[in-house]
Amino acid sequence: MLSGGAGQRAFTYAFEELFAVADGFRDIPFAGRTDTWILSNAAAAHGIPPELLPRFQDVYLRHLERELQPPHPRKMIMPGVRALLDALASRDDAYLALLTGNYERAARLKLEHFDLWRYFECGAFADDAPDRNSLVPKALARIRARGGPTVDPSDVVVIGDTPHNVACALAAGARPVGVATGPFSADQLRESGAAVVFENLSDTEAFLDLLEIRPDA
């Protein structure tokens, strides 16, 4: 999904409100990074003491909730996402979990805005680790703790639109699937190590074929 830049604007407004630094994330990359990493790098760049950072999330979430409300031409669910989630959520041979660089409460705000949060029973978030490559094992542990399946990482598919998502999957021994709906091209995702790349997720049957399951199975 695209939030029309709501997340980045909310980050910027919260940082300025708390630390009196305008445009504090100008040179900090967001794509594929965790919120924890983004904040800690901006704080280091501007000399903000780490002990002040725990206040940030509540202020950011207040701004995010406001920024998500107005219409925006770049606010949308990406092609095929809801249909694919519907297809997978109805099956007993697949388990949906959310692995994201967002804080958990931020992810919930964004996905609830698009009625997508209900598809995911649990996951791993920026609150769990600043390093995205640590998130797959944390997600698998949370799934087990909630009574979900115990699976080998090689049976896990991580879908993402940046090389950082691909690296996260590879670091855990999972299967990375690239989707070129973000800032990186299909070729860039392949070069980063994704053996399979979709331009978007509009072909539900092709994705189910990748998982070796069928829509009518």
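A residue counts as buried when its relative accessible area is under 20%. In this predicted model, Arg-91 has a relative accessibility of 14% and is therefore buried. Arg-91 lies in the loop that connects α4, residues 81-89, with β3, residues 98-99. Its side chain is in polar contact with the side chain of Asp-93, at 2.8 Å.

The sheet can be taken next. Strands of a sheet pair through backbone hydrogen bonds, in either a parallel or an antiparallel sense. Here three strands make up an open sheet with parallel pairing, and their order is β5-β6-β7. The strands at the edges are β5 and β7 (196-198); each has a single partner strand, so one side of each has no neighbour in the sheet. On average, neighbouring strands of this sheet are turned by 25 degrees against each other, direction ignored. Helix α7 packs on the sheet and touches β5 and β6, and the direction of α7 makes about 170 degrees with that of β6. An angle over 145 degrees counts as roughly antiparallel, so α7 and β6 fall in that class.

The pairing can be followed strand by strand. Between β5 and β6 there are four bridges, in the parallel sense. Val-157 stands opposite Arg-175 of β6, and Ile-159 has Val-177 of β6 as its bridge partner. On the other pairing, β6 (residues 175-179) is joined to β7 by three bridges, and these two strands also run parallel. There, Val-179 stands opposite Phe-198 of β7.

Burial can be read along the same strands. In β6, four of the five residues are buried, so the strand is mostly covered by the under-20% criterion. In β5 the side chains alternate: Val-158 and Gly-160 point to one face and are buried. Val-157 and Ile-159 point to the other face and are not buried.

Helix α6, residues 135-145, has a buried set made up of Leu-135, Val-136, Ala-139, Leu-140 and Ile-143. These residues lie on the same side of α6, because they cover an arc of only 135 degrees around the axis. What covers them includes β3, β4 (123-124), β5 (157-160) and α7 (163-172). Strand β5 and helix α7 thus appear both in the cover of α6 and in the packing of α7 on the sheet. After α6 comes Gly-147, which has a positive phi near 85 degrees.

A further packing involves two helices, α3 (residues 56-67) and α5 (residues 104-113). Their axes are 10 Å apart and meet at an angle of about 5 degrees. Angles under 35 degrees count as roughly parallel, and α3 and α5 are therefore roughly parallel to each other. On the α3 side the contact is made by Gln-57, Asp-58, Tyr-60, Leu-61, Leu-64 and Glu-65. On the α5 side it is made by Arg-105, Ala-106, Leu-109 and Lys-110.

One residue of this contact can be looked at on its own. Asp-58 is in helix α3, and its side chain makes a polar contact of 2.7 Å with the side chain of Arg-105. Asp-58 has a relative accessible area of 48% and so is partly exposed. Its C-alpha is 14 Å from that of Thr-12, and the two residues are 46 residues apart in sequence.

Note on methods
Residues numbered from 1 in each chain as written. Predicted model: local features only at pLDDT ≥ 70, side-chain atom pairs only at ≥ 80, totals over all residues. Heavy atoms only, no water. Buried < 20%, exposed > 50% of the residue type's maximum accessible area, 1.4 Å probe, protein only. Polar contact = N/O pair within 3.5 Å; in protein donor to acceptor, adjacent residues only side chain to side chain. Arc of directions from axis to C-beta. Contact = heavy atoms within 4.5 Å. Pairing = 2+ DSSP bridges. Axes fitted to C-alpha atoms, helices over the stretch in contact; angles between N-to-C directions. Parallel < 35°, antiparallel > 145°, perpendicular 65-115°, else oblique.
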